[in-house]
Amino acid sequence: MNQKLVHRSVDVIGRVCLAAVFVIAVPVKITKFSSVVGAIVSRGIPESLSVLLLVAAIACLVVGPVLLLIGKKQKIGAALLLTFLVPTTIIFHLFPFQSQAVFMNLGLIGGLTLALTRPDLTEGD
């Protein structure tokens with residue numbers, strides 16, 4: 001089997017696995033919108049801003065994985081997902097410190113950073 005084909009196949013599998021984590025987070029944010037807004041408000045963020053942040057989070061969680069899966073747009077997708085994940089980790093998991101959530105998110109941040117900074121597989125084709 002062609003080494004380039006194997007590399008691309010493994011790359012797609014990795015991006016699908018990374019994107020899946022974010023895709024499964026969308027339904028509850030939509031179906032329990034007011035409860036999620038309440039959770040954001042409980043962290044000291046005003047309700048009107050909480051609604052705006054949740055809508056932006058849902059947009060990042062819907063568009064980000066799709067773009068991550070599209071080879072030529074994966075960097076934009078990774079950036080959108082980082083835009084969601086970094087503040088979420090800080091706001092919800094650092095105080096009080098939730099080690100499992102923080103370290104899981106750090107792993108996701110690492111994977112997204114790799115997707116953001118590495119050369120595209122489509123370059124040079």
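Trainee: What percentage of the 125 residues of the chain count as buried?
Mentor: This is a predicted model, in which local features need pLDDT of at least 70 and side-chain atom pairs count only at pLDDT 80 or more, while totals for chains, interfaces and linings use all residues. Side-chain values use heavy atoms, with hydrogens and water left out, and residues are numbered from 1 along each chain as its sequence is written. Buried means under 20% relative accessible area, exposed over 50%, and partly exposed in between, with a 1.4 Å probe and protein chains only. By that cut-off, the buried share of the 125 residues is 32%.

Trainee: How many helices and how many strands are in the chain?
Mentor: Helices (H or I, at least four residues) and strands (E, at least two) are DSSP runs, numbered from the N terminus. From that end the elements read α-α-α-α-α-α. The count is six helices and zero strands.

Trainee: Which helix gives the most to the largest nonpolar core?
Mentor: A nonpolar core is a set of buried Ala, Val, Leu, Ile, Met, Phe, Trp, Tyr and Cys residues joined through side-chain atoms within 4.5 Å. The largest has 18 residues, and Phe-22, Leu-61, Leu-68, Phe-84, Leu-85 and Leu-112 touch the most other members. At least two residues each come from α1 (3–23), α4 (47–69), α5 (74–93) and α6 (99–117). With five residues, the helix that gives the most is α5.

Trainee: Are α1 and α4 roughly parallel or antiparallel?
Mentor: Axes are lines fitted to C-alpha atoms, for helices over the stretch in contact, and angles run from 0 to 180 degrees between N-to-C directions. The two helices pack at about 175°, with axes 9 Å apart. Angles under 35 degrees count as roughly parallel, over 145 as roughly antiparallel, 65 to 115 as roughly perpendicular and the rest as oblique. The angle therefore makes α1, relative to α4, roughly antiparallel.

Trainee: Which residues in α4 do Arg-15, Val-16, Leu-18, Ala-19, Phe-22 and Val-23 in α1 meet?
Mentor: Contact means heavy atoms within 4.5 Å. Phe-22 touches residues including Leu-61 and Pro-65, not counting residues up to four places away in sequence. The α4 residues met by the α1 group are Leu-61, Pro-65, Leu-68 and Leu-69.

Trainee: Which helices do the buried residues of α4 pack against?
Mentor: Those buried residues include Ser-50, Leu-54, Ala-57, Cys-60 and Gly-64. Their packing partners are α1, α2 (26–31), α3 (33–41), α5 and α6.
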